[in-house]
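This report walks through one protein chain and the ligand it surrounds, moving from the whole to single residues. Please keep the sequence and the model in view while reading.

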Amino acid sequence: MEARPHQWRSALPACEGKAVIETVLIVAVAENGVIGADGAIPWRLKSDMQHFKALTSGKPIVMGRKTFISLKRPLPHRTNIVITRDANFRSAGAVVTTSMEAARAVARGDALRRSAAEIAVIGGAEIYAQFMDGADRLEITEVHASPPGDTRLAAIDTSKWEEVARERHAAGPDDTAPFSYVTYRRRERAN
Ligand SMILES: NC(=O)c1ccc[n+]([C@@H]2O[C@H](COP(=O)([O-])OP(=O)(O)OC[C@H]3O[C@@H](n4cnc5c(N)ncnc54)[C@H](OP(=O)(O)O)[C@@H]3O)[C@@H](O)[C@H]2O)c1
C-alpha cells in the first residue's frame, strides 16, 4: 500500500542491507522568510511546539550552537547534537561536534541505536543552509505573518523540492498567527 503523505516511517527500513535513515529539516518560517530575531523566534505558536515535539521525539536532533543556546536547556527525549567551531564548548545533555560531517556521523549512529528512521535538523539558518543539499524531506511550518527579524531561510527551490502535503490551521488560543504545515520531498536527483 502506498504511504499517505503524513504517514512517515517509524521503524528503520533497510535498502540492500544498509539502514535507510532520512535527514529531515524542520523549520517554521514567516511569509517574509524570517525564522529568527535577536536570537529567538519572533512569534508564539503553541500548536507548532506540539507538532515539533511529535516530529522530533525519540530521534537525534542536530542544531547550531546559537540555536542550542536559545533553547536554554537540552530538549528531552531526543539526542541533542550541537555543532560549533569551538572545540572547548561543553554543555550537560548535549553531544558537541565541530563539523557538519561529525554531526552527521554522530546522528546516524544515534539513529541506529534508537532504531529511528530519521535525523532531524532543527536550525538555525546557518545549519539549514549547510544541510539542505543532503536532506530528504522538509517539514515546514509556514507562519502566516511577516514579523521583523534578522535570520532568514532561503526560498525553497521547487525545481528540487516537491510539495506533497499541506494543512492550514487557524490560530489557536496560544498562537499569535495562523499557520500551515507543509511537507516537501526531494525530487529525483539528476545524474
Ligand atoms: N523558526 C525556526 O524554526 C527556527 C529554528 C531554529 C532556530 N531559529 C532561530 O534562528 C536563529 C539562530 O540561527 P543562526 O543561523 O544565527 O545560528 P545557528 O545556525 O543556530 O548556529 C550558528 C553556529 O553554529 C556553528 N556552526 C555553523 N556551521 C558550522 C560548521 N560548518 N562547523 C562548525 N560549527 C558550525 C557556529 O557556532 P560557533 O559560533 O559556536 O562556532 C555558528 O556560530 C535564532 O534566532 C533562533 O531562534 C529559528
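## Burial and overall form

A residue is called buried if 20 or more other C-beta atoms lie within 10 Å of its own, and exposed if 12 or fewer do. By that count, buried residues make up 31% of the 191 residues in the protein chain. The model discussed here is a predicted one, and the mean pLDDT of its protein chain is 93, with 90% of the residues reaching 70 or more. Residues 1-8 stand apart from that picture, since their pLDDT is below 50, and beyond near neighbours in sequence this stretch has 4 contacts in the model. Where pLDDT is low, the predicted coordinates should not be read in detail.

The secondary structure of the chain comes to 4 helices and 12 strands. Its radius of gyration is 16 Å, close to the 16 Å that the globule rule gives for 191 residues, so the chain is as compact as a globular protein of that length. Measured out along the principal axes, the C-alpha trace spans about 50 × 45 × 35 Å. Of the contacts with a separation of 6 or more, 69% are between residues 24 or more positions apart.

## The nonpolar core

In soluble globular proteins, nonpolar side chains tend to be buried together. In this chain, the largest nonpolar core has 41 residues, and those with the most contacts inside it are Leu25, Ile26, Val27, Val29, Val62, Val121 and Tyr128. Which strand supplies the largest share of this core? The answer is S3, with 7 residues.

Valine 29, one of the residues with the most contacts inside the core, can serve as an example. When its neighbours within four places in sequence are left aside, valine 29 is in contact with Ile35, Ile140, Glu142, Val143 and Leu153.

Threonine 56, found in helix H1, is another buried residue, because it has 20 C-beta neighbours inside 10 Å. Beyond its neighbours within four places in sequence, threonine 56 is in contact with Ile26, Ile61, Arg78, Ala120 and Ile122. Threonine 56 and threonine 23 are 33 residues apart in sequence, while their C-alpha atoms are 12 Å apart in space.

## Around the ligand

How many residues surround the ligand? There are 28, and the closest are Gly36, Gly64, Thr67, Gly123 and Gly124. Sorted by class, the shell around the ligand holds 11 nonpolar, 12 polar and 5 charged residues. At least two residues of this shell come from each of strand S3 (22-30), strand S4 (34-36), strand S5 (60-64), helix H2 (65-71) and helix H4 (125-131).

Glycine 123, which is among the closest residues to the ligand, is found in the loop between S8 and H4. Glycine 123 is buried, because 25 other C-beta atoms lie within 10 Å. Leaving aside neighbours within four places in sequence, glycine 123 is in contact with Val27, Ile35, Met63, Gly64, Thr67 and Tyr128, and two of these partners, Gly64 and Thr67, are themselves listed among the residues closest to the ligand.

## Backbone details and exposed loops

Most residues other than glycine have a negative phi, and most peptide bonds are trans. Against that background, a cis peptide bond joins glycine 123 and glycine 124, with omega about 0 degrees. Glycine 124 lies in the loop between strand S8 (118-121) and H4.

Aspartate 38 has a positive phi near 50 degrees although it is not a glycine, and its place is in the loop between S4 and helix H1 (46-56). Is aspartate 38 buried or exposed? Aspartate 38 counts as exposed, because it has 11 C-beta neighbours inside 10 Å. Histidine 77 likewise has a positive phi, of about 65 degrees, and lies in the loop between H2 and strand S6 (79-83). With 9 other C-beta atoms within 10 Å, histidine 77 is exposed.

Arginine 73 also has its place in the loop between H2 and S6, and with 11 C-beta neighbours inside 10 Å it counts as exposed. Arginine 73 and alanine 105 are 32 residues apart in sequence and 23 Å apart in space, taken from C-alpha to C-alpha.

Conventions: Residues numbered from 1 in each chain as written. Predicted model: local features only at pLDDT ≥ 70, side-chain atom pairs only at ≥ 80, totals over all residues. Near = placed C-beta within 6 Å. Nonpolar A, V, L, I, M, F, W, Y, C, P; charged D, E, K, R; others polar. Core = buried A, V, L, I, M, F, W, Y, C linked by C-beta atoms within 7 Å. Contact = placed C-beta atoms within 7 Å. pLDDT = per-residue confidence, 0-100. Rg over C-alpha atoms; globule rule 2.2 N^0.38 Å.
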